[in-house]
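Work through the exercises below with the model open. Each task is followed by a solution in steps.

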Amino acid sequence: MDAPARNMPVHRSVDTAASDVFDAARALRLAHETFDIEAKALIGLKGRQGANFARVAEAMLRCTGRVVVMGMGKSGHVGRKIAATLASTGTPAMFVHPAEASHGDLGMVTAEDVVLAISNSGESEEIGALLPALKRLGVTLVSMTGRADSTLASHADIALDCGVDQEACPLNLAPTASTTAQMALGDALAVALLDARGFREADFARSHPGGSLGRKLLIHVRDLMVSGDDVPRVAPEASFGELLREMTGKGLGFTAVVDAAQEVLGIFTDGDLRRLIERGQDLRSLTAQEVMHASPKVIRDEALAVDAAGLMEQHRVTGVLVISAEGRLVGALNLNQLMRAKVL
């Protein structure tokens, strides 16, 4: 028997001949039409939201369990995004696949939950099969459908209308405008809820610790500063040689000058050193107090690292001394540490 042929041509279910000549003008026209159709769908969506939208938002706000989002196909993809947006903005939420729910995952749903079921037609068989069980559980059932007379809408405790006049698809078949409407309605709920909860930037940062906002709002100066013996410091009577060894040995580009109680008297930086050399001054006879810059920029250890970055930028310095609530030197922070932590 002959060996099977390799690299055989792939038979496609669509006519590929039309793709030999790409019509750029037609593609751009269809793109513009898509934007127009979907924009029109969103404007229409706005006009149909009223008392039921407010009822859904309040039910989700008062929910002592989770908002459980369900949807099949493209509605399921939208549902996953809605659940993720709710969860990241202060409303505990999760996505449960309707087909998996019929095979055990319904156990994730409790009577304290609000179920948001999404189906453009409102006739999804997988969601329909769950309706009796959801009713027995006693959950608050919210539907998001394009048909107010659908099975899902008629069985819901609260029904949201996300219907559109037409899809952006030229065949009026592929979910396009309808999924845009679902997504926007989910975003509107998330925005209404985060506002009702008094959700702020710091709350957002706590649920996004890996993002840039999380780094800016969760990292404090004490998390990045050097402390203990690693903090460069000398007494005011220290010789210039001692001061220079302390500054270069600790590698931060500056050293603090402190009294016996560890209160900051001044700072000496590598920039100060360059200026002294340029003046041709005899450095051997100088003390730390004679060369230090008095009243240096300091910041509290409990301050946000982003505030330290702002202080450096405002005063055009590359490092700051860190003090405790009692005003004593407890650390030092420079620009490189902020950059490594990606605060900048």
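**Exercise 1.** At what angle do helix α1 and helix α8 pack, and how far apart are their axes?

*Solution.* The model is a predicted one.

Step 1. Locate the two helices: α1 covers residues 24-47 and α8 covers residues 177-196.

Step 2. Read off the geometry: the angle is about 45°, and the axes lie 9 Å apart.

Step 3. Classify the angle. Values under 35 degrees count as roughly parallel, and 65 to 115 as roughly perpendicular. α1 and α8 are therefore oblique to each other.

Step 4. Assign the hand: α1 and α8 make a right-handed crossing.

**Exercise 2.** Which residues of α1 and α8 meet, and how do they divide by class?

*Solution.*

Step 1. From α1, the residues are Ile37, Glu38, Ala41, Leu42 and Leu45. Their partners in α8 are Ala177, Thr180, Ala181, Ala184 and Leu185.

Step 2. Sorted by class, the contact of α1 with α8 has 8 nonpolar residues, 1 polar and 1 charged.

Step 3. Put names to the last two classes: Glu38 is in α1 and Thr180 is in α8; Glu counts as charged and Thr as polar.

**Exercise 3.** Describe the largest pocket and its lining.

*Solution.*

Step 1. The volume of the largest pocket is about 330 Å³.

Step 2. Its lining has 18 residues, and those closest to the centre are Thr269, Arg316, Val317, Thr318 and Gly319.

Step 3. Two or more lining residues come from each of β9 (264-269), α13 (270-278) and β12 (319-323). α13 gives the largest share, 5 residues.

Step 4. By class, the lining holds 5 nonpolar, 7 polar and 6 charged residues.

Key:
Residues numbered from 1 in each chain as written. Predicted model: local features only at pLDDT ≥ 70, side-chain atom pairs only at ≥ 80, totals over all residues. Heavy atoms only, no water. 1 Å grid on protein atoms, 1.4 Å probe; cavity = no way out; pocket = protein on both sides within 12 Å on 5 of 7 lines; lining within 4 Å. Points joined across faces, edges and corners; volume = space filled by probe spheres on them. Helix = DSSP H or I, 4+ residues; strand = E, 2+ residues; numbered from the N terminus. Axes fitted to C-alpha atoms, helices over the stretch in contact; angles between N-to-C directions. Parallel < 35°, antiparallel > 145°, perpendicular 65-115°, else oblique. Left-handed = near helix turned anticlockwise from the far one by under 90°. Contact = heavy atoms within 4.5 Å.
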